[in-house]
Each structure stands twice: as structure tokens, then as C-alpha cells.
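Hello,

Here is the structure I promised to pass on to you. Please open it beside this email and follow along as you read.

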Amino acid sequence: MNVNSVKGDTIEARLRCLGAKDIQQVQGIMYFVSFDSSGTEVSYCYNINAKNKYFLQRIKPYPIPEGIFSDQEQVVEFIKRDLAKFNNAHLSHNFTQFIDTTNMIQITSKEIEEFFLNYNVDKECLDNLSKVLRDVRTTISEAKERSEHILI
């Protein structure tokens, strides 16, 4: 019996208890799991690597790598907290704009990569892009300072 298979089966059962509506197994070491969070699909992909570590990434409503976890308990707890945060965020009148903005950032990241890897980009252009992105990060940082922190 494959140890990864047993670990995968155990975490699958635990994620179903959290309300996973669909889990797809790909070759025994990669899993796709999706949840309905207040009407928004929140889905993840995780795999168990050769070092028996779990690499987790959120796929929907926007893709983002979440990190490497040492055991299934950490994966389940992360997803549980993440879903609670999405359930709370869904109550905001700004939720749709938040999702749209985050998706725009993902698209922009892909466009920057495609631009840089496929074109001879001059320094002035990169300097301008860097300044705009620093300004965005500053805006976020300043907004955090004046906003209430949500503890979940």
C-alpha cells in the first residue's frame, strides 16, 4: 500500500467533513478540492511531494500559492481558517470588487511575465512598472494602518 495514498484518503475524508463539494484525485498524489463559501466557489489543489510535505494552492476565486505544510492537520486547519475568512469577506459590500481587483492583479502579473520573457524591455519601462507597483503596495500598507483588523 502506498503511504501517500493512505494520507490522501485521510485528508480527503477530513475535507469532506468540512463541506468539500468535490475532490478529484490525480495519480494518487494530487488532489483538487472545492467548497461553496456563501455562494462563491473556493477551490484548492494540493499535492504530497516526495518528502511527504503538502504543497497547497488556492485556485478559485483567484489563484495563489499558500505554501508547504508538514502534515495534513496543517492543511485542514489552513483551509478551515481560509474558508471562514471568505465567509466573513462575503458579507462585505466590497466583496465583488475585491475579487475583481485580485483577479486583475493576477492577470497583470501574467502580462508582466509574458512581456518581460518575450520582449526586450527597456529599463525606463521596468522602472515605471516598479514605481506603479510600489505605489500600489504603499496604498495597501496605508489602508491596513487605518483599517480594523479582522481576527478569524
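**Strands and hairpins**

Strands β4 and β5 form a hairpin, with three residues between them. Before we go on, please keep in mind that this is a predicted model.

The two strands of that hairpin run antiparallel and are joined by five bridges, with β5 covering residues 64-69. One pair to look for is Phe55, which stands opposite Ile68 in β5.

Pro61 sits in the loop between β4 and β5. What kind of peptide bond joins Lys60 and Pro61? The bond is cis, with omega at about 10 degrees.

Lys60 itself belongs to strand β4. Its relative accessible area is 39%, so Lys60 counts as partly exposed. Leaving aside residues up to four places away in sequence, Lys60 touches Glu41, Val42 and Ser43. Try a distance here too: Lys60 and Ala50 are 10 residues apart in sequence, and their C-alpha atoms are 26 Å apart in space.

**The strand β3 and its partners**

Now move to β3, which covers residues 40-48. Is this strand mostly buried or exposed? Eight of its nine residues are buried, so β3 is largely enclosed by the rest of the structure.

β3 pairs with β2 in the antiparallel sense, over eight bridges. Within this pairing, Tyr31 has Tyr46 of β3 as its bridge partner. β3 also runs antiparallel to β4, and six bridges join these two strands. Here Tyr46 appears again, with Leu56 in β4 as its bridge partner. Asn47 is another residue to click on, since its bridge partner in β4 is Phe55. You may remember Phe55 as the residue opposite Ile68 in β5.

Two residues in the connecting loops are good practice for reading backbone angles:

- Ser38 lies in the loop between β2 and β3. The hairpin of these strands has two residues between them. Phi of Ser38 is near 55 degrees, a positive value in a residue other than glycine. With a relative accessible area of 38%, Ser38 is partly exposed.
- Asn52 has its place in the loop between β3 and β4. This hairpin has five residues between the strands. Phi of Asn52 is near 60 degrees, again a positive value in a residue other than glycine. Asn52 is partly exposed, at a relative accessible area of 29%.

**The nonpolar core**

Some background first: in soluble globular proteins, nonpolar side chains tend to be buried together.

Which residues of the largest nonpolar core touch the most other members? This core has 23 residues, and the ones with the most such contacts are Leu15, Val33, Phe35, Tyr44, Tyr46, Leu56 and Ile79. The elements α1 (3-18), β2 (30-37), β3 (40-48), β4 (54-60), α2 and α3 each supply at least two residues of this core. α2 gives the most, with six residues.

Tyr44 is a good place to zoom in. Not counting residues up to four places away in sequence, Tyr44 touches a list of residues that includes Val33, Phe35, Leu56 and Ile79. Other residues on that list are Asp82 and Leu83, along with Gln57, Arg58 and Ile59.

**The largest pocket**

Next, look for empty space. Rolling a probe the size of a water molecule over the atoms shows where empty space is left.

The largest pocket has a volume of about 1700 Å³. Three elements give two or more residues to its lining: α2 (72-89), α3 (95-118) and α4 (123-146). How many residues line this pocket? There are 32, and those nearest the centre of the pocket are Tyr62, Phe98, Thr102, Ile140 and Lys144. By class, the lining has 18 nonpolar, 10 polar and four charged residues.

**One last stop**

Finally, find Gly19 in the loop between α1 and β1 (22-26). Gly19 has a relative accessibility of 41%, so it counts as partly exposed. Gly19 and Glu148 are 129 residues apart in sequence and 29 Å apart in space, C-alpha to C-alpha.

If you would like a short route through all this, begin at the cis bond between Lys60 and Pro61, continue to Tyr44 and its contacts, and end at the residues around the pocket centre, such as Phe98 and Lys144.

Enjoy exploring!

Best wishes

Conventions: Residues are numbered from 1 along each chain as its sequence is written. This is a predicted model: local features need pLDDT of at least 70, side-chain atom pairs count only at pLDDT 80 or more; totals for chains, interfaces and linings use all residues. Side-chain values use heavy atoms; hydrogens and water are left out. On a 1 Å grid over the protein atoms alone, a cavity is a set of points where a 1.4 Å probe fits but cannot get out, and a pocket is an open set with protein on both sides within 12 Å along at least five of seven lines; lining residues have an atom within 4 Å of a point. Grid points are joined across faces, edges and corners, and a volume is the space filled by probe spheres set on the points. Helices (H or I, at least four residues) and strands (E, at least two) are DSSP runs, numbered from the N terminus. Ala, Val, Leu, Ile, Met, Phe, Trp, Tyr, Cys and Pro count as nonpolar, Asp, Glu, Lys and Arg as charged, and the others, Gly among them, as polar. A nonpolar core is a set of buried Ala, Val, Leu, Ile, Met, Phe, Trp, Tyr and Cys residues joined through side-chain atoms within 4.5 Å. Buried means under 20% relative accessible area, exposed over 50%, partly exposed in between (1.4 Å probe, protein chains only). Contact means heavy atoms within 4.5 Å. Two strands pair if DSSP finds at least two bridges between them.
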